[in-house]
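Here is a quick tour of one chain, for anyone who would rather look at side chains than scroll through coordinates. Have the viewer open as you read.

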Amino acid sequence: MTGAVPLQQGMLPDTIANLLGLNAYGVAGEIVAALLGAFLIANFLLINTAFAGPWAKRKITAAFTDRIAVNRIGPFGLFVIVADAVRLLSKELIVPEGADRPAWDLGPLLIPFSALLGFAVIPMGSGLQLADPETGLAFAFAASSIASLGLIMMGYASNNKYSLLGGLRAVASNIAYEIPLIVTGVSVVLFTGTLQMSAIVEAQQVAFISVAGITIPQWFVFVNPFAFVLFVVANVAEVGRNPFDIPEAPTEIVAGYQTEYSSVYFVLIYLGEFIHIFLGGAIAATLFLGGPAGPGPAALGIVWFTAKIWAFFLFTQWLRSAVPRLRVDQFIEIGWKGMLVLAFANLVLTAVIVGVLA
């Protein structure tokens, strides 16, 4: 493991400013460096999403259902990414009659924006972090929850009863599972005593236990596996994967909040959905899996971080192929009567343990 060596060696904008000599330009240079850093992080995520959405999703689903996936366009069918982008962006953008146009236009933009904004405070490796505020975890949760506003806007503004129902289901699901998600995340804060993302990662770098000469780090998945399971379940519900894909259940409400969207707006919704899956995996990795920590030098942090968020993505695709959808009443009941109670029980137990250890 990387031991107690700090993983974060300055923020990415600072590194860019030093390399390009932007420090000489004062505040203007800092702004340019920050924008360049955001551009690099955003493109890293967009590249991962491009592989995950049009290509990996099909390959994984085909493997589970014993079918042949995309394999005709380019090596391993990879050029289907380009083909899908051209196909979807060239479609006509049809605006439903009676739509509330400002809200209808803004809704799809909020979905990817909220997910990308959440990555601003995620430590991805040595020096690969845009910002590290003391309230980083709260910022990540707050940024991701902006998507709920976009979902209800799309549902309401489409002037379609199926869209409206999908939007209402989306808000109901987010409320029912976002509270357990945050409460479970707070249990990690009790252990670390901070909301700062880099400090949470650093707290997991010390040795937890040694077994047969192998040192297991103090990742919170080992310290509190029950909290990790709760967090992952609530996370899956937040990103809308089976068995919690209630907001856009096609057998019941056509496509939910996105029923009336096509062309570039559909691409934005689809893009935001997959970036949110990666954001959920990134927060889970930061809180429970040591963030970018892994065997080898700290420079490999980005490799381990990418592997961890892809592991969460693969897990969601396995659920999509293997687990049936819940009924909406079961879905809400599990959130309020099951997950919420267990999340607070975990929080109380964690507080007691931390108090005893202190």
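What follows covers a helix pair, some aromatic contacts and two backbone oddities.

## Two helices side by side

Keep in mind that this is a predicted model. Two packed helices are described by the angle between their axes and the distance between the axes. For helix α4 (residues 101-118) and helix α5 (residues 136-157), the angle is about 165 degrees and the axes sit 8 Å apart. Anything over 145 degrees counts as roughly antiparallel, so that is how α4 runs relative to α5. Their crossing is left-handed.

Who touches whom? On the α4 side, the contact includes Trp104, Leu106, Pro108, Leu110 and Ile111. Among the α5 residues they meet as a group are Phe139, Ile146, Leu149, Met153 and Met154. Sorted by type, the residues of this contact come out as 17 nonpolar and 5 polar, with no charged ones.

## Aromatic pairs

Searching the whole structure turns up 16 aromatic pairs. One of them joins Trp104 and Tyr265 edge-to-face, with 5.3 Å centre to centre and 65 degrees between the planes. This pair ties together distant parts of the chain: Trp104 belongs to helix α4 and Tyr265 to helix α11 (residues 263-288), 161 residues apart. Trp104 has 0% relative accessibility, so it counts as buried. Tyr265 is buried as well, at 13%.

Trp310 and Phe313 also pair edge-to-face, at 5.2 Å centre to centre and 75 degrees between the planes. Here the partners share helix α12 (residues 301-322) and are 3 residues apart, about one turn of the helix. Both Trp310 and Phe313 are buried.

Which aromatic cluster do Trp310 and Phe313 belong to? They group with Phe266, Tyr270, Phe274 and Phe278 in one cluster.

## Two unusual phi angles

Most residues other than glycine have a negative phi. Phe76 goes the other way, with a positive phi of about 60 degrees. You'll find Phe76 in the loop between α2 (26-64) and α3 (80-89). Its relative accessibility is 64%, so Phe76 counts as exposed.

Ser263 is another non-glycine residue with a positive phi, near 55 degrees. Is Ser263 buried or exposed? It counts as buried, because its relative accessibility is 6%. Ser263 lies in helix α11, the helix that also holds Tyr265.

Conventions: Residues numbered from 1 in each chain as written. Predicted model: local features only at pLDDT ≥ 70, side-chain atom pairs only at ≥ 80, totals over all residues. Heavy atoms only, no water. Axes fitted to C-alpha atoms, helices over the stretch in contact; angles between N-to-C directions. Helix = DSSP H or I, 4+ residues; strand = E, 2+ residues; numbered from the N terminus. Parallel < 35°, antiparallel > 145°, perpendicular 65-115°, else oblique. Left-handed = near helix turned anticlockwise from the far one by under 90°. Contact = heavy atoms within 4.5 Å. Nonpolar A, V, L, I, M, F, W, Y, C, P; charged D, E, K, R; others polar. Phe/Tyr/Trp six-rings, centres within 6.5 Å; stacked < 30°, edge-to-face > 60°. Buried < 20%, exposed > 50% of the residue type's maximum accessible area, 1.4 Å probe, protein only.
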